[in-house]
Amino acid sequence: MPRPLFQPIVLNGPQGDPVVYVDFLFSRRALLFDLGNIRALAPRKVLRLTDVFVSHTHMDHFTDFAWLLRLLLVRDIEIRLFGPPGFIRHVECHLAAFEWNLAHKYEEDVHLTVTELHADERGRRAEFRFRHRFARENDRAVDLPGNVLLDDGRITVTAALLDHQGLPSMAWSVEEGRHVNIWRNRLDELGLGTGPWLSRLRQAVLDGRPDDEVIVAEWRRDGRLERQEWRLGDLRREVLRVTAGQKIAYVVDCGFSGENRARASSLLAGAHTAFVEAAFLHEDADRAEERGHLTARQAGWLAREAGVERLVPLHFSPRYGERVGQLETEALAAFRGDEGSGLVSARQ
Ligand SMILES: [Zn+2]
């Protein structure tokens, strides 16, 4: 198993604003899941962010947009933000809270690209630039087939809109592309040299090309060009190993309705790590439903049903005081499928 690319950390503990910072191994890049209190993040970590995902704009999920901006100014930076319907206007209103009369005096530019996910695999996108005093620009409708918010060859982010007591709340998963590992010692044994043909081979595998496709292997040895033709299927068997990439998912602020469950499950399916809200104890299931939240037991059950490998419950309600530990215990018991921790019918 290759080392996992994603290195996620929960920022404020399970009781604080739910924020997950996802650092990447081997590259200067990070993702942010929700934008509540982020003061615990060192500025240098904030400057690694390329993409910020916001579930909805209740304060505990969006309050530190201004702080993020404060750290980005005044630098040359491009950053993408994603959120539910209405998100562009919420960003615009945050930006409108400040005066930008000196912006044109700076060389540096902060460039925000903001995307909203709507129903029916559609969305809206707009840009805001410091240089232009953060006026809304290039506002346009976009197609988001499969609800894919981002697919840059390295990661794919897929989202869903859940219902949070009448308010759309976005949940998402981030998947790393598959790994194609080439065994150097097998190449040696077969008398094959290395060269740019290996990246063509890797790409052919990732593209799912058929086994009988011919791959031309070319390399230089002692100044001479050597060349062999191989069937892709033979190379696949002899010199390659393909492993699935890592998947993480984030689901917060949603009730336990049938539709929410179906949408959340497909994001959670097969995730290595899932961050799921466990706001209330199951004894308070009525209150949870009233406020559009999951109980700890429901969170554990959802993650279990979806075949999640590791569940990280978060966003615990502060109302439990000293009993807060019970939320985690209840979520993990349901996740393991302990006796008495299940949900007899989906309605529960
Ligand atoms: Zn919340």
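The following legends describe close-up views of a predicted model.

**Figure 1. Division of the chain into two domains.** Domain 1 is formed by two segments, 6–177 and 248–336. Domain 2 covers residues 179–243. Between the C-alpha centres of domain 1 and domain 2 the distance is 40 Å.

**Figure 2. The zinc ion and its coordinating residues.** The ion is coordinated by D60 and D253 through OD atoms, and by H61 and H315 through NE2. The coordination distances run from 2.1 to 2.6 Å. The angles among the four donor atoms range from 84 to 158°, and the site is irregular. Because a tetrahedral site requires all angles to lie between 85 and 135 degrees, the range of 84 to 158° does not meet that description. Along the chain, the donors follow the spacing D-H-x191-D-x61-H.

**Figure 3. D60 and D253 at the zinc site.** Helix α2 (residues 59–62) contains D60, whereas D253 belongs to the loop between β16 (247–251) and α8 (258–268); the pair therefore ties together parts that are 193 residues apart in sequence. D60 counts as partly exposed because its relative accessibility is 25%. D253, at 2% relative accessibility, counts as buried.

**Figure 4. The aromatic pair of F62 and F87.** In the whole structure, a search finds 15 aromatic pairs. One of these is the tilted pair of F62 and F87, with 5.5 Å from centre to centre and 55° between the planes. F62 lies in helix α2 and F87 in helix α4 (residues 87–95), so the pair ties together parts that are 25 residues apart in sequence. Both F62 and F87 are buried.

**Figure 5. The aromatic pair of F130 and F134.** The rings of F130 and F134 form a tilted pair. Their centres are 5.9 Å apart, and the angle between their planes is 50°. Both F130 and F134 are buried.

**Figure 6. An aromatic cluster of five residues: F33, F53, F82, W172 and Y250.** These phenylalanine, tryptophan and tyrosine residues form one aromatic cluster.

**Figure 7. Arginine residues over aromatic rings, shown for R39 and R319.** R39 lies over the face of W67, at 4.1 Å from the ring centre. In the second view, R319 places its charged end over the ring of Y320, at 5.5 Å from the centre of that ring.

Notes:
Residues numbered from 1 in each chain as written. Predicted model: local features only at pLDDT ≥ 70, side-chain atom pairs only at ≥ 80, totals over all residues. Heavy atoms only, no water. Donors = N, O, S within 2.8 Å, 3.2 Å for Na, K, Ca; no water. Tetrahedral: all angles 85-135°; square planar, octahedral: opposite > 155°, others 65-115°. Helix = DSSP H or I, 4+ residues; strand = E, 2+ residues; numbered from the N terminus. Buried < 20%, exposed > 50% of the residue type's maximum accessible area, 1.4 Å probe, protein only. Phe/Tyr/Trp six-rings, centres within 6.5 Å; stacked < 30°, edge-to-face > 60°. Lys NZ or Arg CZ within 6 Å of the ring centre and 35° of its normal. Domains from an automatic or database assignment.
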